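This report walks through the fold of one chain, then its sheet, then its main pocket. Please keep the structure open while reading.

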Amino acid sequence: MRVLQWRPRTPAQRSTPEAGPLPWKFPAIGEFAGRARYVPGDVENLPPPLRAAAGTVMDMEFAGIASPGSRSVGQSLYRECSGQSLLGGLVIPEQDLDFIP
């Protein structure tokens, strides 16, 4: 068994007027975002191809941010990039995805 030396926690970095905002980078459109399980909130009202894809794990890529006036305003949008074409090329809001670490 390996024993690790205890270290005190470092305080979380915070945004302050003196230090400026924390660095935040949105991924580029088309950039790989990771593997995620498709878990829509209302499966019964989905078209049959999306209903069949519910619960499936697939590779996702960043597709942009939802525009004002859309159903998922302000959310990150993702598109399947695994080649399985389970989602038919549709973009999916982040609320319907469970990313796997």
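Residues 24 or more positions apart supply 45% of the chain's contacts with a separation of 6 or more. The model is predicted. The chain has 101 residues, and buried residues make up 26% of them.

## Overall fold

The secondary structure comes to one helix and five strands. Along the sequence the pattern reads β-α-β-β-β-β.

How are the five strands ordered in the sheet? The order is β4-β3-β2-β1-β5, in an open sheet with antiparallel pairing. Strands β4 (91–93) and β5 (97–99) form the edges, and each of them pairs on one side only. On average, neighbouring strands of this sheet are turned by 50° against each other, direction ignored.

## Strand pairing

The table gives the strand pairs of the sheet, with one bridge partner pair for each.

| Strand pair | Sense | Bridges | Partner pair |
|---|---|---|---|
| β3 and β4 | antiparallel | three bridges | Leu 77 and Pro 93 |
| β2 and β3 | antiparallel | five bridges | Met 60 and Glu 80 |
| β1 and β2 | antiparallel | five bridges | Arg 37 and Val 57 |
| β1 and β5 | antiparallel | three bridges | Ala 36 and Phe 99 |

Start with β2. This strand spans residues 57–65, and its partner β3 covers residues 76–80. Met 60 stands opposite Glu 80 in β3. Gly 64 stands opposite Leu 77 in β3. Leu 77 also stands opposite Pro 93 in β4. Leu 77 therefore has a partner in β2 as well as one in β4, and β3 sits between those two strands in the sheet order.

Is β3 enclosed or open to the outside? Four of its five residues are buried, so β3 is largely enclosed by the rest of the structure.

Now take the other side of β2. Strand β1 spans residues 32–38 and joins β2 through five bridges. Arg 37 has Val 57 as its bridge partner in β2. Towards the β5 edge, β1 pairs with β5 over three bridges. There, Ala 36 is partnered by Phe 99.

## The largest pocket

What lines the largest pocket? Its lining has 13 residues, and Tyr 38, Leu 46, Leu 50, Arg 71 and Asp 96 lie nearest its centre. The pocket volume is about 200 Å³. By class, the lining has eight nonpolar, two polar and three charged residues. Strand β4 gives the largest share of the lining, with three residues.

Asp 96 deserves a separate look. This residue lies in the loop between β4 and β5, the two edge strands of the sheet. Is Asp 96 buried or exposed? The relative accessible area of Asp 96 is 9%, so the residue counts as buried, because the cut-off for buried is under 20%.

Which residues does Asp 96 touch, leaving aside those up to four places away in sequence? The contacts are Arg 37, Tyr 38, Val 39, Pro 40, Gly 41 and Arg 71. Two of these residues, Tyr 38 and Arg 71, are listed with Asp 96 among those nearest the pocket centre. Another, Arg 37, is the bridge partner of Val 57.

Conventions. Residues numbered from 1 in each chain as written. Predicted model: local features only at pLDDT ≥ 70, side-chain atom pairs only at ≥ 80, totals over all residues. Heavy atoms only, no water. Pairing = 2+ DSSP bridges. Axes fitted to C-alpha atoms, helices over the stretch in contact; angles between N-to-C directions. 1 Å grid on protein atoms, 1.4 Å probe; cavity = no way out; pocket = protein on both sides within 12 Å on 5 of 7 lines; lining within 4 Å. Points joined across faces, edges and corners; volume = space filled by probe spheres on them. Nonpolar A, V, L, I, M, F, W, Y, C, P; charged D, E, K, R; others polar. Buried < 20%, exposed > 50% of the residue type's maximum accessible area, 1.4 Å probe, protein only. Contact = heavy atoms within 4.5 Å.
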